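This report covers cores, salt bridges and internal space. Which features hold the chain together, and where is space left open?

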Amino acid sequence: MTKIDEIVDESIRVRHYLHRHPELSDQEFETTKFVTEKLTEFGYRITTPKTLNTGVIAEIGQGSPVVALRSDIDALPIQEDTGLEYSSINNGVMHACGHDFHIASLLGAAKLLSQNDINGTLRLIFQPAEETHVGAEEVVESGATNGIDAIIGFHNKPDLKTGEIGILPGGLMAAVDQFKVTFNGIGTHAAMPELGKDPIVALSSTITALQTIVSRNIFSHSSAVVSITHIEGGNTWNVLPEQSFFEGTVRTFDEKVRAEIKERFYEVVNYQSRSFGLSATINWITGPDVVDNNVKLTKIVEDETSKFAQVVHPTPSSAGEDFAYFSQRIPSVFVFVGSDGNSDWHHSDLILNDDSLKYGIEWYYRIGLRLLNSL
């Protein structure tokens with residue numbers, strides 16, 4: 001059995017442990033402790049800033065260049081329904097996005113890297129709170145990314161097979177915006193709607209009108225999504241309420257398209273609400289930008305990856321990733337590692353193939369060393 005095989009076996013056990021003990025965003029205290037102990041055992045310097053309540057920053061080597069390897073560590077508020085022997089023991093919390101796969105891969109690579117002479121510095125970032133899109137920004141604000149020359153990361157991709165790695169220069173994952181719209185009307189008896197201002201009808205009409213933003217305003221070859229995902233209004237069958245609201249998300253790959261959608265969104269909501277004689281409040285939350293892969297670094301990464309895995313060129317994903325906070329500031333590459341899953345991200349029955357861990361470990365290991373020697 002080779003060293004990589006031994007590390008894969010160990011990493012599978014690590015992943016199963018982490019899968020059984022998932023923690024929500026910014027609450028990853030036991031995960032932080034576990035990762036810190038492992039990295040200390042491997043001989044890494046723990047440099048986690050005190051301002052980070054969770055997450056781990058660690059280094060090995062000295063001097064320049066500085067290459068960072070990033071994994072996210074949080075789980076989702078989902079009740080697991082896989083039937084696995086290592087199913088979550090934390091009720092209502094599950095690694096339904098495979099971040100346990102990411103942690104185990106980076107820890108496996110960390111052990112391999114600790115057995116090498118490092119020409120420069122490798123900085124490992126085990127980042128909290130990716131699912132709430134605040135963790136990468138917390139890491140940046142802590143100063144943990146200062147001095148980094150390049151940063152890499154990956155997300156497992158259940159619809160890619162074991163041994164496949166998806167690489168694409170430029171935009172790989174979409175920019176994310178979030179919104180909540182509240183309609184303020186006048187409540188009344190359902191039998192006498194003329195005495196009130198109905199926020200339910202206003203909400204319904206506005207949702208329909210918002211679907212024209214992409215279909216009638218955005219160039220057909222541009223990728224954009226406007227999705228309403230949550231609606232609430234009223235408490236009973238015979239009363240028109242005073243308020244209703246909906247919330248959802250916008251996904252884009254171009255800043256001009258992103259700005260245009262926001263502008264049209266405000267116009268549609270405000271004019272629709274006025275037409276029904278009531279007011280609307282818009283809470284717009286700007287999320288991560290596009291995950292934008294550096295073209296020069298992507299060529300290097302693809303060349304090295306092709307030596308041990310099958311490189312595929314995936315369709316950009318409309319899912320978001322707060323790795324974008326890094327990629328907008330530091331030359332970076334983010335890829336998809338095939339995890340050969342039975343369903344997709346954020347599904348309660350998601351099961352990933354442990355055999356795919358080998359490629360996650362080897363990708364971190366080989367790309368980390370290659371970039372140190374290329375920068």
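## Nonpolar cores

The largest nonpolar core has 84 residues; among its members, Leu39, Tyr44, Leu122, Phe126, Val335 and Trp363 touch the most others. Such a core is a set of buried Ala, Val, Leu, Ile, Met, Phe, Trp, Tyr and Cys residues joined through side-chain atoms within 4.5 Å. Buried means under 20% relative accessible area, exposed over 50%, and partly exposed in between (1.4 Å probe, protein chains only). Tyr44 touches Leu39, Ala58, Glu59, Ile60, Ala110, Leu113, Ser114 and Leu124, leaving aside residues up to four places away in sequence. Contact here means heavy atoms within 4.5 Å. Another core lies apart from the largest one. That core has 23 residues, including Phe183, Leu210, Ile261 and Phe265.

The model is predicted: local features need pLDDT of at least 70, side-chain atom pairs count only at pLDDT 80 or more, and totals for chains, interfaces and linings use all residues. Residues are numbered from 1 along each chain as its sequence is written, and side-chain values use heavy atoms, with hydrogens and water left out.

## Salt bridges

The structure holds 18 salt bridges. Each is a side-chain nitrogen of Lys or Arg within 4 Å of a carboxyl oxygen of Asp or Glu. Three are listed here.

| Pair | Closest N to O |
|---|---|
| Arg15 and Asp100 | 3.1 Å |
| Asp354 and Arg15 | 2.7 Å |
| Asp159 and Lys157 | 3.0 Å |

What does Arg15 tie together with Asp100? Arg15 lies in helix α1 and Asp100 in helix α3, so the pair links parts that are 85 residues apart in sequence. Helices (H or I, at least four residues) and strands (E, at least two) are DSSP runs, numbered from the N terminus. Arg15 is buried, at 2% relative accessible area. Asp100 is buried too, at 0%.

Arg15 also pairs with Asp354. Asp354 sits in the loop between β16 (332–338) and α10 (357–374), and Arg15 in helix α1, so this pair ties together parts 339 residues apart in sequence. Asp354 is buried, with a relative accessible area of 14%.

Is Asp159 buried or exposed? Asp159 is exposed, at 53% relative accessible area. Its partner Lys157 counts as buried, at 12%.

A network of salt bridges links Asp303, Glu304, Lys307, Glu362, Arg366 and Arg370.

## Cavity and pocket

On a 1 Å grid over the protein atoms alone, a cavity is a set of points where a 1.4 Å probe fits but cannot get out; a pocket is an open set with protein on both sides within 12 Å along at least five of seven lines; lining residues have an atom within 4 Å of a point. Points are joined across faces, edges and corners, and a volume is the space filled by probe spheres set on them.

The whole structure has one cavity of 30 Å³ or more. The largest cavity holds about 60 Å³. Its lining includes Ile7, Glu10, Lys38 and Leu107. Helices α1 (3–20), α2 (29–42) and α3 (99–113) each supply at least two lining residues. Helix α1 gives the most, with four.

The largest pocket holds about 720 Å³. It is lined by 33 residues; Glu131, His133, Val176, Thr249 and Arg251 are the closest to its centre. Strands β8 (175–184), β10 (224–233), β12 (243–252) and β13 (279–286) are the elements that give two or more residues to this lining.
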